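Please find below a colleague's note on this model, set out as numbered points. The ligand site is taken up at the start, and the cysteines and backbone geometry follow.

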Amino acid sequence: MKPELLSSEAIGAALKDGYWRVSVLEESTSTQTQLRESSPKDGDVITAEYQSAGRGRLDRKFEAVKSSALLFSCYMKPNISKEFFGKIPLLAGVAVAKSINEITNSKNFKCKWPNDILFDEKKIAGLLCEAYGDGVIIGIGINVSTAEEDLPVNHASSIFLETQKIIDRNKLLVLILNNLKETIHQGCDLLEYEQYCSTLEKAVSITLPSGEVISDVAQAISEAGALVLKSGREVTVGDLIHITTSN
Ligand code: BT5
């Protein structure tokens, strides 16, 4: 399958208003790093066909064969105080899950706290949010047409592999940007997150940055975006596994 290429004309023509300014690149080291180094303004976006050094959290890698994934970073200045910035990855996750469900006519793309989009427990997309100035650089990588043999890890999948649908990345990008703007600019309400989150009520194992591993049950999301466990403990950062499954 030959994927359509990213097109600044198609993206520009489909965007609702002038808030987003999208630059399309053939190649980037990392759209996240490149956007940061460009001293971004609210609404700047970089998307690339290929990243030679795509990043995950904690300097892990995010890898994708050229043109198989939708890879982009955008800069936003949410109208909330910094103590609530932990909500941003969750809200961005809602915008991504909602957009993929809409474009594929599905209900099964879900958010795993704090930053993955799963289909049937397989990772379809990852999000990386980093503070910059008064705002946040939101980096999103979505496996769109990735073939089985090109998946970088065995718990990953792609929109195509799960739905057999061929998705135009230009349309998906526009949908996500419009949903992102609406979600982040309308008061950053987390109510919708619970509809899309597949982590709540699951038994989970969380590895904290300190190396400590917690086993508990995910009960709720706090006002600031932390995961509240059945024991009452709140976790703000960590690697989480739904322990009822093999991911
Ligand atoms: C993430 O980190 O999942 C955040 C990924 C953000 C990527 C975007 S792409 C545009 C922008 N520019 C960048 O340089 N980054 C952002 P984390 O939760 O740490 O997960 C990283 C882990 O996911 C890796 O260690 C692998 O196990 C796995 N992984 C790597 N590539 C993957 C892929 N294409 N699909 C699914 N899993 C992947």
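1. A polar side-chain atom of Asn 143 is placed 2.9 Å from a nitrogen atom of the ligand, a polar contact being a pair of N or O atoms within 3.5 Å, where within protein one must be able to donate a hydrogen and the other to accept it, and residues adjacent in sequence count only if both atoms are side-chain atoms. The protein covers 93% of the 800 Å² of accessible area that the ligand has on its own, with areas taken from the Shrake-Rupley method with a 1.4 Å probe and, for residues, only the protein chains shown counting as cover.

2. This is a predicted model, in which local features need pLDDT of at least 70 and side-chain atom pairs count only at pLDDT 80 or more, while totals for chains, interfaces and linings use all residues. Residues are numbered from 1 along each chain as its sequence is written, and side-chain values use heavy atoms, with hydrogens and water left out.

3. Two further ligand oxygen contacts deserve a look: a polar side-chain atom of Asn 115 lies 3.2 Å from an oxygen atom of the ligand, and a backbone N or O atom of Arg 57 lies 2.9 Å from an oxygen atom of the ligand. Around the ligand there are 28 residues, of which Ser 30, Gln 51, Arg 55, Glu 63 and Lys 123 come nearest (near means that a heavy atom of the residue lies within 4 Å).

4. At least two residues of the shell around the ligand come from each of helix H2 (31-37) and strands S3 (69-76), S6 (122-132) and S7 (135-143), where helices (H or I, at least four residues) and strands (E, at least two) are DSSP runs numbered from the N terminus. Arg 55 is in the loop between strand S2 (44-51) and S3, and counts as partly exposed because its relative accessibility is 23% (buried is under 20% relative accessible area, exposed over 50%, partly exposed in between, with a 1.4 Å probe and protein chains only).

5. The model has 0 disulfides, a disulfide being a pair of cysteine sulfur atoms within 2.5 Å. For Cys 111 the nearest cysteine sulfur, that of Cys 197, is 6.6 Å away; Cys 111 is buried at 2% relative accessibility, and Cys 197 is buried at 9%.

6. The backbone merits checking at the cis peptide bond from Trp 113 to Pro 114. Positive phi values occur at Asp 59, near 60 degrees, and at Glu 121, about 70 degrees; Asp 59 is exposed at 67% relative accessibility, whereas Glu 121 is buried at 16%.
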